[in-house]
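Visitor: I should like a close look at a single part of this model, set out in one connected account. Please take the sheet and its surroundings.

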Amino acid sequence: MYKPADAQFQAKAMRTGTAAWALQRLSGLFLTIYLITHLIVIGTVVRGEGSFDSMLENFESTPFLVLDAGLVGVVAFHGLNGLRLILLDFAVGLKYQKALFWASWVMAVGVFAAMVVAARNLL
Amino acid sequence: MGAGEESVLVEAKIRVRRYDPSSDGVARYQTYSVEMPQSATVLDTLLAARERLDGSLAFRCACRSAICGSCAMRVNGQSRLACKTKIIQASPNGRPVTLEPLANLLVFKDLVADMAPFYDKIRAIVPWLAADPAKRPAIGEYIVDASRSTKLSQFAACIQCGACYSACPVVAIDDRYLGPAALAKAYRYCHDPRDDAQAERLSRVAQERGLWRCHTIFSCAEWCPKGVNPTEAIQNLKKLTMLKRLGFGH
Amino acid sequence: MTQTMDAQQAVTPVTPTTPWSFLGSGFLAWLLQRVTAIGLVVLLPIHIVINHLANISKVEEGILPGLVVFSDVVERFESPVYWVVDVLLLSFALYHGLNGVRNVAMDYGLRGAGEKVVTGALSLVGLAAFAFGIATLAAFID
C-alpha cells in the first residue's frame with residue numbers, strides 16, 4: 001500500500017479557503033517571531049535614555065518606515081481575517097466567507113497605504 | 001440532449017495511476033485512449049478502457065448515477081465522482097485526464113482506496129438517531145418542523161463517498177483528524193430534535209482531533225458532489241459546544 | 001476504532017457535563033485564542049497609535065512627529081492606565097502567538113508525549129518573555 005500525495009500541495013486545489021488558511025498561518029508565525037524580536041530589541045536597549053533614543057532614531061529612516069508600514073499591514077490582515085474566522089465560528093456569514101476574506105485583504109492593503117502616507121507626511 | 005449528440009464521438013484520453021502490490025508494487029501512470037460519445041463521463045471511459053484495452057484496471061463503481069458514492073476519485077487532482085464528471089468537462093482541450101485514487105487514504109490497487117479509516121471515523125460519532133424512550137411519547141410520531149427538516153436534509157444527503165475527506169488539507173497533514181464527513185454526520189444527528197445523544201456526541205467531537213482542527217478551509221464544501229457543506233455543520237457544532245459549556249445550553 | 005453500542009448506552013452521557021469538564025479537550029485553548037484575539041484587535045491599534053502617531057504637537061521642539069522618546073514613555077507611565085494596557089497587551093500577544101504556534105504543531109499530528117513537551121516548552125518561552133517584558137516596562141518607571 002502507498003500513501004497518495006497530500007491534497008493541500010496541489011496547485012489546482014488552492015482556492016480562497018486554502019489561501020486564507022495559509023496566509024493567516026504564515027502571517028501569524030511571522031508576527032510571533034516579530035513579537036519576540038520586538039521584546040528583545042526594546043528590552044535590551046533600555047539601559048538608559050541615551051541608547052533608547054538613539055536606537056529609535058535609527059528606525060526613522062525611510063526603509064524602516066516602509067517596513068513598519070508593511071508590518072502594520074500584516075497585523076491588519078491577520079486581525080481582520082481573524083475577525084472573519086471568529087464570525088464563522090459563530091456560524092455567522094458562512095455564505096459570505098469568500099467576500100469577507102477579500103474584504104480583509106483589501107482593507108489590510110488600505111491600512112498599509114495609509115501608514116505609508118502618514119509616514120511620508122511626517123518625515 | 002438531442003439524438004444527434006449521441007453520434008458525435010471524441011477521443012477520450014485518461015492517464016490512470018496504476019499500482020499492483022501483487023506484482024512489482026511500483027506506482028506508474030498509464031494512458032488509455034478510447035473513442036467515446038461526447039456526453040460520456042469519466043466512469044464511462046474507465047469502463048470502456050477496461051472492456052476494450054486493459055482488463056486489469058481496478059476501480060469501484062455501482063450505480064453510475066451519483067447516489068452510491070463508490071466511484072469517488074481524484075480527477076486532475078480534484079476529488080469528484082467519476083460518474084458525475086463529463087470527460088469533455090475534465091479535458092476541454094483534449095489533453096489526458098489524470099485519474100488517481102482518493103487522497104489521504106491507503107491504496108489497495110489502482111484507483112481503489114482503503115475506505116476503512118473513513119468509515120471508522122463515522123462510526124465513532126454515534127451515527128444514528130438515539131431517542132431515549134423515557135423522554136418520548138409512547139405512541140404517535142415524532143414531529144420535526146419543516147424548516148428544521150429542510151436544514152437537516154442537506155446533511156442527510158451525504159453518500160459517504162469520501163471526496164470531502166480526500167480534499168481536506170487538515171486530514172492530509174494529520175490523518176487522525178475526524179474529518180468533514182464524520183463531523184457533518186455528527187451535526188446531522190445533534191440538530192435533530194428526535195435525538196437525545198447530543199451530549200455524548202459533542203463530547204466525542206469537541207476534541208483536539210475533532211472540531212478544533214477545522215480551520216474553515218471550505219475544501220470539503222467545494223468538492224462535495226451532493227451539495228453538503230460540512231464546514232457549516234462543524235461551525236454550528238463549535239457554536240453548540242461554546243454555548244453549552246459556557247452555560248447558555250438548551 | 002470500530003465501536004458499536006446500543007441505543008440506551010448512546011443516550012446516557014458518558015462524560016460528565018460539569019462546567020470544568022471542558023479541560024483537557026482543547027476547548028479552553030481554542031476559546032482563549034479567540035478571546036485574546038479580540039483583546040488584541042482592541043489593544044494593538046492603541047499601542048501602534050500611541051507609539052507611532054504620538055507627539056504630533058511636539059514638532060516645534062525639534063522632535064520628529066511620531067517618534068517616541070524615552071522621556072515621553074516615562075511621562076506616559078505616570079498614569080496607571082497605560083500600565084494596564086501594556087501588561088494586558090503583553091500577556092494577550094504572548095498567549096495568542098505561542099498558542100498559535102502550538103496549534104500549527106497540533107495540526108501536524110503532534111500528540112501524547114510530544115504534545116506535552118512542545119506545550120511545556122512554549123509555556124516556558126511565554127513565561128520568560130512575559131517576565132522580560134515586565135522588567136522592560138519597569139525600566140520606564142522613574
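Guide: The account below begins with the sheet and then turns to the loops of the same chain.

This is a predicted model, in which local features need pLDDT of at least 70 and side-chain atom pairs count only at pLDDT 80 or more, while totals for chains, interfaces and linings use all residues. Residues are numbered from 1 along each chain as its sequence is written, and chains are lettered from A and ligands numbered from 1 in the order in which they are written.

In chain B, five strands make up an open sheet with mixed pairing, and their order is β2-β1-β5-β3-β4. Helices (H or I, at least four residues) and strands (E, at least two) are DSSP runs, numbered from the N terminus. Two strands pair if DSSP finds at least two bridges between them. In general, strands of a sheet pair through backbone hydrogen bonds, either parallel or antiparallel. At the edges stand β2 (28-37) and β4 (78-81) of chain B, each of which pairs on one side only. From one strand to the next, the twist averages 35 degrees. Such angles run from 0 to 180 degrees between N-to-C directions, and axes are lines fitted to C-alpha atoms, for helices over the stretch in contact.

Within this sheet, β3(B) and β5 (residues 97-100) of chain B run antiparallel and are joined by two bridges. Here B:V75 is found opposite B:L99, a residue of β5(B). Against the sheet packs α2(B), which touches β1 (9-18), β2, β3 and β5 of chain B, and the direction of this helix makes about 100 degrees with that of β2(B). Contact between two residues requires C-beta atoms, placed from the backbone, within 7 Å.

The loop between α2 (42-52) and β3 (72-75) of chain B contains B:R64. This residue is not a glycine, yet its phi is positive, at about 60 degrees. Most residues other than glycine have a negative phi. B:R64 counts as partly exposed because it has 17 C-beta neighbours inside 10 Å. The scale is this: a residue is buried if 20 or more other C-beta atoms, placed from the backbone, lie within 10 Å of its own, exposed if 12 or fewer, and partly exposed in between.

A second positive phi, near 45 degrees, belongs to B:T216, likewise a residue other than glycine. B:T216 lies in the loop that runs between α9 (198-205) and α10 (219-223) of chain B. With 20 C-beta neighbours inside 10 Å, B:T216 is therefore classed as buried.
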